[in-house]
Amino acid sequence: TSFDGGTNILNAYAEGTWTPTITGSTGNPTPTYVAQVGNYVKIGKIVYVQCLIQVSALTGGTGNIQVSGFPFTSATTTNEWHTFAGTVTNGGNLIRAVMRLQNNVTALTSILTGDVSSLALPQTGLTFIIFSGCYIAST
C-alpha cells in the first residue's frame, strides 16, 4: 500500500503472540511461571506489544530484571529509546513502572519503579509484570 505515489510504502502487517520470559542483566533467575502471555501487532516497522507475566516463585539471578523474548529486534537508531508503561506486583504491593527497551535488542533492559530505581535481582516478592507499548523494529 502506498500513500504518496510509491515513495512511502506500507509493506508489512502481522499479528501474533510471543512468550515473555524473565531474565537478569548479568545472571538469569529461576522463575516458576503461572502465566506468560504476549501479543503483538506489527504495522510496517511499528510494533505494539502487550505482556503479562505471573510467577509463583522467582529465585536467584543477578543484575536488573529484564523481560526477554520480544517478537522483533528493536531498531538501531541513535538517541532513540523505546519506553513502556506498566505495573509490577511485588510483595503484595502494586507499583507503577516505566520500562525501557534499548536499541538493537529483544529484551527490556530496565524496569524503573516509582522511586526511579531499577528492579534488581534476586526478587522473592515479585508476582506480576504487566506492560504495553510501541517500539520501532529493525525490519
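Start with the open sheet: seven strands in the order 1-3-4-9-6-7-8, paired in the antiparallel sense. Strands here are DSSP runs of E with at least two residues, numbered from the N terminus, and two of them pair if DSSP finds at least two bridges between them. Now select 13-18 and 110-113: these are strand 1 and strand 8, the edges of the sheet, and each has a single partner strand, so one side of each is left without a neighbour in the sheet. Look along the sheet and you'll see a twist that averages 15° from one strand to the next, with axes taken as lines fitted to C-alpha atoms and angles running from 0 to 180 degrees between N-to-C directions.

A quick word on what you're looking at: this is a predicted model, where local features need pLDDT of at least 70 and side-chain atom pairs count only at pLDDT 80 or more, while totals for chains, interfaces and linings use all residues. Residues are numbered from 1 along each chain as its sequence is written, and side-chain values use heavy atoms, with hydrogens and water left out.

**Stop 1: two strand pairs**

Select residues 82-90 and 93-101. These are strand 6 and strand 7, which run antiparallel and are joined by nine bridges. To see one bridge, pick Val88 and its partner in strand 7, Ile95.

Next, go to residues 21-24, strand 2, which pairs with strand 5 in the antiparallel sense over four bridges. Thr23 has Gln66 of strand 5 as its bridge partner. Stay on strand 5 (residues 65-68) and turn it around: Ile65 and Val67 on one side, and Gln66 and Ser68 on the other, are all buried. Buried means under 20% relative accessible area, with exposed over 50% and partly exposed in between (1.4 Å probe, protein chains only).

**Stop 2: the aromatic rings**

The structure holds seven aromatic pairs. Rings of Phe, Tyr and Trp (its six-membered ring) pair if their centres lie within 6.5 Å; planes under 30 degrees apart are stacked, over 60 edge-to-face, and the rest tilted. Show Phe70 and Tyr135: their ring centres are 5.6 Å apart and their planes at 70°, so this pair is edge-to-face. Phe70 sits in the loop between strand 5 and strand 6, Tyr135 in strand 9 (residues 126-136), and they are 65 residues apart. Phe70 is buried at 5% relative accessible area, and Tyr135 is buried at 1%.

Keep Tyr135 and add Phe84. Their centres lie 6.4 Å apart with planes at 65°, so this pair is edge-to-face too. Phe84 is in strand 6 and Tyr135 in strand 9, so the pair ties together parts 51 residues apart in sequence. Add Trp18 and Phe131, and you have the cluster that ring pairs link together with Phe70, Phe84 and Tyr135.

**Stop 3: the core**

Which residues touch the most other members of the largest nonpolar core? Ile129 and Phe131 do, out of 26 residues. Such a core is a set of buried Ala, Val, Leu, Ile, Met, Phe, Trp, Tyr and Cys residues joined through side-chain atoms within 4.5 Å. Strand 4 (46-59), strand 5, strand 6, strand 7 and strand 9 each supply at least two residues, and strand 4 gives the most, with six.

**Last stop: His82**

Finish on His82 in strand 6, buried with a relative accessible area of 4%. Beyond its neighbours within four places in sequence, the contacts of His82 include Ser74, Met99, Cys134 and Tyr135, where contact means heavy atoms within 4.5 Å.
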